[in-house]
Amino acid sequence: MNRRDSIKALGLTALSTTVLVAACKPSGEKEEVVAIEKEAGREQWETDRDAKLKAETFFTKHEMATITILADIIIPKDGVSGSASDAKVPDFIEFIVKDMPEHQLPMRGGLKWLDLHCFNRYEKSFIEASGTEQISIIDEIAYPKKAKPEMQAGVAFFNKMRSLTASGFYTSEMGVKDIGYVGNVPNQWPGIPDDVLKQYGMEGVKV
Amino acid sequence: MSDFQIKKSPTVYDAIVVGSGAGGGMAAYVLANAGQKVLLLEAGQYFDPRTDAHQLKWPWESPRRGASTTRPFGDFDASYGGWELEGEPYTKKDKTEFDWFRSRMLGGRTNHWGRISLRMGPEDFKPTDGLTDDWPITYDDIKPFYDKVDRMIGIYGTVEGIRNEPDGIFMPPPKPRLHELFIKKGAEKAGVKVIPGRGAVMTEAIKGNNDRAPCFYCGQCNRGCKVYGDFSASSCLVIPAVNTGNLTVITDAMVREVITNKDGSAKGVSYVNRKDLQEYQVTGKLIILGASACESARILLNSKSSAHPNGLANSSGVVGKYLHDSTGANVSGFLPQLLDRKKYNEDGLGSIHIYSPWWLDNKKLDFPRGYHIEYSGGMRMPSYGFGGGVATMNGMVPDRNGKMKDEGGYGASLKDDYRRLYGTGVGMAGRGTAIAREDNYCEIDPNVVDKYGIPVLRFHYKWAKEEILQAKHMQETFLSIMKEMGAIVTSKIEGPETNYGLLAPGKIIHEVGTIRMGDDPSKSALNKYCQAHDCKNLFVVDAGPFVQQGDKNATWTILALAMRTAEYILSEKKKQNI
């Protein structure tokens, strides 16, 4: 079935509207034309908005490098699964700050705070510092109740960075597998497995 | 010659229905199946769950991982709409907080709802405390229609014999999940009854219906169901009605007003097409409004004529008044007993597996009426925001070696915490009766129009002590259930400064009462068949006619009332009364 036929078969919902979006590439400064199909179950403005956001760049190379190191400190590779950057968490963070602009200032400012704090201590930016130096700084901002009051800005930034990293990692294919979510398939629900009922002493509880 | 023109269709329909949600869909379904030529106008676009539902998609298939940036209930949720619509404002006065959720799509708000389907009880129609007006009908009047809706659409539940929580004709309910047994045990110790849920999901086939297949337990009803295993007005009412050959659907038709004849009877409807922005008029022998309680009130108030100077069906002045939405408050936390739990698929179905119907006697309480409790928890599909609480929760429970550690952290030990805490969450939400008050209302804002030039609604709404004390009771009850089940509460403890977490009206999306029915034309807009006192060929089939909502979600009552109204229309037509 060719595309036109399949659109016909889908009927009313798949109007073949084509929208032109001009995406400006910073490298060649050439205008590229991207054709956007009407997506099933999406309003046109949603599809257009996603395409526009994906064509924009928010973080600088330096910021992205810092985000990548931080994300991998938060979720490193272990025996079960890969690291945050293996699951492309930095790309997710780049998208989500464009999708939710309220993250932009705290992220940009937080990254700057981190570099300055690192520079004052080691005369290096965060990505230039050694692994040990990086961890000594993270230890100052990763435990909200233990952190010194003057570290509060760093704590707030690290809280956000940690939340975004977890969001990005555990919603990736790798993260979903790691956490053990095994649903999202057509099946039946026979009830709680017997061994689980027994484990929690719930055999006798009825609703 | 002017460019401006109104396109008039020569066809005269037997009925024009405005809105394709539960009420409009049901009216169109009944009339089309009886051979009436019906036109259905929907303000939003076409939507068929079979092709348009985001069911079974994975979080990584959304660039925002299911976040609610563009859709209030997440990127995979079925609703085209929200509390704010571009170019379609509403206003508020006197420091009112009111949020108005509108879906612009075939099936309206039935596409994203929780499918929780509760009948209102005898005391909901005839309250015994004298605080609000009686409905002009009793539970017995509407019971046969609830029964028919049950059989036609499918609902699961259990026969319990609770007087004001009437049983229906039920399919078997889904079995409970692990957190639900903890809830059952804890709630019982706290003196709260827990029974199997009641929802519009087919747990078995419906004889003779080959268009719909039973639930396959993905737990995603709010995304829409490709096999039509749950109720939405598109899949169960409008699309089957189109298949009779008697129903014409026009989408993107934003209704401006009902046009009336010199004698005051309804003649047709004028609308603007959202795509070409042209003006249209269509003509029908009957006009049936099912645009939602507030949108239908808006249409009536905007339909002024010499015969109806106060707006159509509004000689009483009640249109827009008695607006009420369910009360709502929540508590959430986690069960430390479930740390490191075994992983298996417990998606279940996308409506409730268990709930608590109202269980107390108000004579012993400081507030009237009641609420029911809906519960959540378990090993859900991760989405944006996942693990957000883990860096706090990991400071509340001992680690694998039995030692307490500092909350927060990073690295291998934090990664282990995400695994250990996954699936331990538990939450409860109350949904209660708000009192219908004349002074809570929507009206036309004389100064503001939307992008189609239609005057918009302005809201005036205040919670009173009845609702605030109810929310206080919800909070106390939830905390006591949490304690009895050994859960740790992570949500903020709400006190008097926030009305005990009572959500702003409109947030529960059960708004009703704006075009109320009654026997006295000076105090109501509609008679007991939802027919306008002032205009015999005008009917309302959404939640506008509700006199007073119980703590039960509105949909099942909207469906039953709309079916009753449509059958009344057919019998009146037979008698040539309309």
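Which residues is I16(B) in contact with, leaving aside its neighbours within four places in sequence? I began my notebook with this question, and I record here that the model is a predicted one.

**Entry 1: I16(B) and the core**

I looked up the contacts of I16(B) and, apart from neighbours within four places in sequence, found L39(B), L41(B), G268(B), V269(B), V282(B), G284(B), I287(B) and I288(B). I then turned to the largest nonpolar core, which has 202 residues. I16(B), M26(B), A28(B) and I288(B) are the members that touch the most other members. I asked which element supplies the largest share of this core. Helix 11 of chain B, residues 555-574, does so with nine residues.

**Entry 2: The six-stranded sheet of chain B**

I traced an open sheet of six strands in chain B, and I wrote down the order 8-3-2-12-21-20. The pairing in this sheet is mixed. Strand 8 (247-250) and strand 20 (531-532) of chain B each have a single partner strand, so each has one side without a neighbour in the sheet. These two strands therefore stand at the edges.

I next examined one pair within the sheet. Strand 2 (residues 15-18) and strand 3 (residues 38-41) of chain B run parallel and are joined by four bridges. V18(B) has L41(B) of strand 3 of chain B opposite it. I noted a general point beside this pair: side chains in a regular strand alternate between the two faces of the sheet.

**Entry 3: Strand 13 of chain B**

Is strand 13 of chain B, residues 327-334, largely enclosed or largely open? I found that six of its eight residues are buried, so the strand is largely enclosed by the rest of the structure. Strand 13 of chain B runs antiparallel to strand 16 (residues 425-432) of chain B, and eight bridges join them. Strand 13 of chain B is also antiparallel to strand 19 of chain B, with two bridges between them. I followed F334(B) in both directions. F334(B) stands opposite G425(B) in strand 16 of chain B, and its bridge partner in strand 19 of chain B is I488(B).

**Entry 4: Two residues with positive phi**

I reminded myself that most residues other than glycine have a negative phi. I then looked up two residues that do not follow this pattern.

- D94(B) has a phi near 55°, a positive value in a residue other than glycine. D94(B) lies in the loop between strand 5 (91-92) and strand 6 (102-103) of chain B. I counted D94(B) as exposed because it has 8 other C-beta atoms within 10 Å, and 12 or fewer is the cut-off for exposed.
- C530(B) has a phi near 65°, which is again positive in a residue other than glycine. C530(B) lies in the loop between strand 19 (488-489) and strand 20 of chain B. I counted C530(B) as buried because it has 27 C-beta neighbours inside 10 Å, and 20 or more is the cut-off for buried.

**Entry 5: D52(B)**

I located D52(B) in helix 2 of chain B. Is D52(B) buried or exposed? D52(B) is buried, with 26 other C-beta atoms within 10 Å. I also compared D52(B) with R223(B): they are 171 residues apart in sequence and 9.1 Å apart in space, from C-alpha to C-alpha.

**Entry 6: Chain A**

I listed nine helices and two strands in chain A. Along the sequence, I read the pattern as α-β-β-α-α-α-α-α-α-α-α. Chain A has 207 residues, of which 28% count as buried. I also looked at contacts in chain A between residues at least 6 apart in sequence, and 49% of them join residues at least 24 apart.

I then studied one pair of helices. The axes of helix 3 (residues 61-74) and helix 7 (residues 152-170) of chain A come within 10 Å and cross at roughly 75°. The two helices of chain A are therefore roughly perpendicular. L70(A), A71(A) and I74(A) of helix 3 meet M161(A), R162(A) and T165(A) of helix 7. I sorted the residues of this contact into four nonpolar, one polar and one charged.

**Entry 7: Where the chains meet**

I found 63 residues of chain B in contact with 53 residues of chain A. Which element of chain B gives the most to the side that touches chain A? Helix 9 of chain B does, with six residues. Among the elements that each supply at least two residues are helix 5 (178-189) and strand 7 (195-196) of chain B. By class, I recorded 32 nonpolar, 15 polar and 16 charged residues on this side of chain B.

How values were computed:
Residues are numbered from 1 along each chain as its sequence is written. Chains are lettered from A and ligands numbered from 1 in the order in which they are written. This is a predicted model: local features need pLDDT of at least 70, side-chain atom pairs count only at pLDDT 80 or more; totals for chains, interfaces and linings use all residues. Axes are lines fitted to C-alpha atoms, for helices over the stretch in contact, and angles run from 0 to 180 degrees between N-to-C directions. Angles under 35 degrees count as roughly parallel, over 145 as roughly antiparallel, 65 to 115 as roughly perpendicular and the rest as oblique. Two residues are in contact if their C-beta atoms, placed from the backbone, lie within 7 Å. Ala, Val, Leu, Ile, Met, Phe, Trp, Tyr, Cys and Pro count as nonpolar, Asp, Glu, Lys and Arg as charged, and the others, Gly among them, as polar. Two strands pair if DSSP finds at least two bridges between them. A nonpolar core is a set of buried Ala, Val, Leu, Ile, Met, Phe, Trp, Tyr and Cys residues joined through C-beta atoms within 7 Å.
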